[in-house]
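Please look at the structure shown here, which is a predicted model, and follow the explanation below alongside it.

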Amino acid sequence: MNRVVIGALAASFTMTVPHAQVPGDRPAPNPRSTRSVVMGRQGMIATSQPLASAAGLQVLREGGNAIDAAVTAAAVLSVVEPTMNGVGGDLFAIVYDAKTKKLHVLNSSGRSAYAATPAAFKARNLTAIPSRGVLSVSVPGVVDGWSTLLAAHGTIPLAKALQPAIGYAKNGYPVSEIISHQWQGAERILAADPAAASTFLPGGHAPKPGDVFSNPRLAATLETIASGGRDAFYKGPIAAAIVADVKKRDGLLDARDFADQKNDWVEPISTSYRGYDVYELPPNTQGFAALEMLNILEGYDIKSLGHNSAAYLHLLVESKRIAFADRAAYLADPESVPAAVLKTLISKDYAAARRKEIDPARAARDYKAGQMAGATSSSPARDLDLTGRDLGDTIYMTVADGQGNVVSLIQSLFDDFGAGIVAGDTGIVLHNRGSLFTLEPGHPNQVAPHKRPLHTLVPAMVMKDGRPWLSFGVMGGDMQPQGHVQVLVNLIDFGMNVQEAGEAARIRHSGAGVAVESGIPPQTIFGLDQRGHHAVEQIGVFGGFQGILIDPRTGVLMGGSDPRKDGLAIGF
């Protein structure tokens with residue numbers, strides 16, 4: 001097996017921890033689990049940063065509901081995890097409303113500029129959309145999402161929800177360990193933009209763990225949003241400041257693009273997996289890939305194969321390869337994905353047909369996208385491999401309250417520090433989600449005016465007998481559908497608790513092979529190699545899980561938080 005350690009995070013750990021410490025055994029049924037499940041009855045929150053979890057918990061304890069706590073915590077995360085998310089990014093959410101007993105799904109991703117045409121990029125002598133910089137920026141949807149969630153389902157105003165975030169931006173906060181290492185890995189990107197460097201590299205360097213960092217310019221921006229609402233961002237002084245900066249950089253966004261920003265309540269997509277109803281987001285994001293993988297795997301007796309066995313993981317990888325071939329061919333703006341195509345992709349019959357292509361003993365050379373009447377796709381499927389671009393880009397968080405409301409929320413800049421630029425004096429990092437458009441003629445994801453790019457953000461929720469059973473997510477670009485499936489299989493097929501399911505060793509398939517964590521057994525690695533996979537040990541590429549499981553018998557809220565992040569699940 002080839003053993004490599006990649007990414008700034010992994011490299012930093014390798015350099016600073018010369019003598020690896022092995023944790024002691026826990027006096028519990030699973031002595032290798034890192035921590036106990038967190039349990040409560042009145043409220044539970046799980047985020048990737050303890051300050052955000054604490055802020056959300058305080059809202060719950062003061063009588064706010066899950067939506068109030070989620071927006072409050074999300075705003076704090078936009079300040080204390082700037083590597084991964086911010087007000088310059090996008091947001092998606094699933095809300096279970098206890099009063100109506102219905103799921104509500106919000107797509108708060110932004111659109112391209114009206115000036116974003118293939119000709120505009122050709123005029124700049126570009127054959128592909130840049131991965132960073134001003135031409136990779138689409139309109140941010142986060143602030144619109146916060147406002148919409150509170151207006152529809154919250155009990156507190158946006159101004160109140162923003163106060164903890166404003167406090168941390170203004171007065172500073174201690175930078176946590178993993179975030180600091182990711183920040184250090186982005187120094188070169190930040191140094192290339194004077195505004196980004198002056199904002200995020202105090203003294204010319206990223207903060208070390210425990211350093212106190214503040215962003216007074218962002219604090220002022222958040223205060224403007226608190227006093228002027230979402231329109232201050234999209235139609236007021238903040239939009240004007242961002243547009244002015246974009247124009248100086250020869251970008252495409254203008255005032256009309258911001259003024260016309262509108263998020264959408266959409267219908268979720270779902271499938272059943274062994275009696276559990278799994279809900280994901282429809283296009284423009286990749287929820288169907290997770291559902292397609294689950295449908296394929298449901299046809300196998302996974303439990304009998306053993307957890308993280310070569311036989312099971314081979315089937316997982318092959319199902320992912322099939323689903324991602326379809327993702328590359330069909331994922332785009334909702335207006336460019338025919339309803340019949342989406343219905344087919346998440347159907348049991350389609351999964352059964354694709355399952356027949358899998359050889360349990362050998363990895364296929366490749367898989368083609370499914371051919372569907374009336375659909376436009378690349379042939380062969382256009383490669384869409386985000387490995388290396390999605391290590392520190394996203395936060396996932398979830399909240400449940402004592403009244404039965406549940407929120408599954410994700411927001412992101414895409415790459416670490418997004419486009420790598422800060423808009424003028426706003427303190428805002430702009431995301432680079434527009435870089436996921438293609439210039440390929442005829443592809444459904446070809447760039448066009450006022451269009452949403454394909455997205456990777458997928459919060460999820462699982463229902464059992466019509467009631468919420470699990471609210472969860474695994475951030476990390478291409479890792480997200482793969483992480484969703486592994487967590488669900490851990491829970492449903494292998495009977496793990498919510499903490500074990502999220503922290504168990506994972507794999508991640510990409511064009512470079514199958515990345516495995518050190519907890520994957522040697523015999524499994526050998527078995528994957530024997531089946532034709534290229535197994536590579538890596539660190540820091542397996543995303544970050546947060547989850548809340550609701551015990552169907554007692555109603556107890558059970559929280560889990562991934563040790564791969566700085567996070568915390570906490571309840572009362």
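Gly-40 stands opposite Leu-557, a residue of strand E19. This pair belongs to the meeting of strand E2 with strand E19 (residues 557-561), two strands that run antiparallel and are joined by three bridges.

From there the view can be widened to the sheet to which both strands belong, an open sheet of seven strands in the order E2-E19-E18-E14-E13-E10-E9, with antiparallel pairing. Its edge strands are E2, covering residues 38-40, and E9, covering residues 269-273, and each of these pairs on one side only. Passing from one strand to the next, the twist averages 20°. Helix H15, made up of residues 287-297, packs on this sheet, where it touches E9 and strand E10 (276-280), and the direction of H15 makes about 20° with that of E9.

A second arrangement to trace is that of two helices, H2 (residues 50-61) and H3 (residues 66-80), whose axes come within 8 Å and cross at roughly 155°. Because angles over 145 degrees count as roughly antiparallel, H2 and H3 are roughly antiparallel to each other. The crossing of these two helices is right-handed.

On the side of H2, the residues that meet H3 are Leu-51, Ala-52, Ala-55, Gly-56, Val-59 and Leu-60, while H3 contributes Ala-66, Asp-68, Ala-69, Thr-72, Ala-73, Val-76, Leu-77 and Val-80. Taken by character, the residues of this contact between H2 and H3 divide into 11 nonpolar, two polar and one charged.

Key: Residues numbered from 1 in each chain as written. Predicted model: local features only at pLDDT ≥ 70, side-chain atom pairs only at ≥ 80, totals over all residues. Heavy atoms only, no water. Axes fitted to C-alpha atoms, helices over the stretch in contact; angles between N-to-C directions. Helix = DSSP H or I, 4+ residues; strand = E, 2+ residues; numbered from the N terminus. Parallel < 35°, antiparallel > 145°, perpendicular 65-115°, else oblique. Left-handed = near helix turned anticlockwise from the far one by under 90°. Contact = heavy atoms within 4.5 Å. Nonpolar A, V, L, I, M, F, W, Y, C, P; charged D, E, K, R; others polar. Pairing = 2+ DSSP bridges.
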